[in-house]
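The following exercises concern strand order, helix packing, solvent accessibility and cysteine geometry. Please work through each task before reading its solution.

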Amino acid sequence: MLSAADQQIQIKLKTAEEDYVIDQNVFSVSSNSSQIELQGLIKNLLDISESDTEFSFRVGDEILQNTLRKYCESSNFSGETVLEIEYHEKRKAPEESVVVALDDWLGGVAAIDSRCFAGLLQRTTRCYQSGWK
């Protein structure tokens, strides 16, 4: 269990995203580090200057929302081992651009070039051109 004083924690950063892999992946960071400091570390190591690139962090089964010290206290982490942190690029939710109302259950969808085909359960097919008309 970590004390309330600022301590150093050994962390291992890992990701499945090839664009953001860090070669050296064990670091010593402050126990008071949060997402902001971890993002700064990753951006610095990868030489990323875009301010719109953000990362989310998962420690074990939890998304990191506080400091590492608070996570360690709540999970009874002793600080004697390396804390493994997985990071992913945050992605914005897709925006709804066009809504097509159908009067039957949708059985399948296929997109070919600028056309979209919708197979309906009443054994009919609808074809929509670009612009969804």
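**Exercise 1.** Which residue in E2 is the bridge partner of Gln-10?

*Solution.* The model is predicted, with local features requiring pLDDT of at least 70 and side-chain atom pairs pLDDT 80 or more, while totals for chains, interfaces and linings use all residues. Residues are numbered from 1 along each chain as its sequence is written, and side-chain values use heavy atoms, without hydrogens and water. Strands (E, at least two residues) and helices (H or I, at least four) are DSSP runs numbered from the N terminus. The partner of Gln-10 in E2 is Ser-28. Strand E1 (residues 8-14) and E2 run antiparallel and are joined by 5 bridges; two strands pair if DSSP finds at least two bridges between them.

**Exercise 2.** Determine the strand order of the mixed sheet, its edges and the helices that pack on it.

*Solution.* The order is E2-E1-E5-E3-E4, an open sheet of 5 strands with mixed pairing. Strand E2 (26-30) and strand E4 (62-63) are the edges; each has a single partner strand, so one side of each lacks a neighbour in the sheet. Helix H1 (residues 35-46) lies across E1, E2, strand E3 (55-59) and strand E5 (83-89), at about 115° to E3. Helix H2 (residues 68-75) touches E1, E2, E3, E4 and E5, and its direction makes about 125° with that of E5. Such angles run from 0 to 180 degrees between N-to-C directions, with axes fitted to C-alpha atoms, for helices over the stretch in contact; contact means heavy atoms within 4.5 Å.

**Exercise 3.** Describe the antiparallel sheet and the surroundings of Gly-108.

*Solution.* An open sheet of 3 strands has the order E6-E7-E8. Its edge strands are E6 (106-112) and E8 (124-128), each paired on one side only. Neighbouring strands are turned by 20° against each other on average, direction ignored. Strand E7 (residues 115-120) is joined to E8 by 5 bridges, and Leu-120 stands opposite Thr-124 in E8. Gly-108 lies in strand E6. Beyond its neighbours within four places in sequence, Gly-108 contacts Phe-117, Ala-118 and Gly-119.

**Exercise 4.** Why does Cys-127 form no bond with Cys-116?

*Solution.* The sulfur of Cys-127 is 8.2 Å from that of Cys-116, the closest cysteine sulfur, which is too far for a bond. A disulfide is a pair of cysteine sulfur atoms within 2.5 Å, and the structure holds 0 disulfides. Cys-127 is partly exposed at 38% relative accessible area, whereas Cys-72 is buried at 0%. Buried means under 20%, exposed over 50%, and partly exposed in between (1.4 Å probe, protein chains only).
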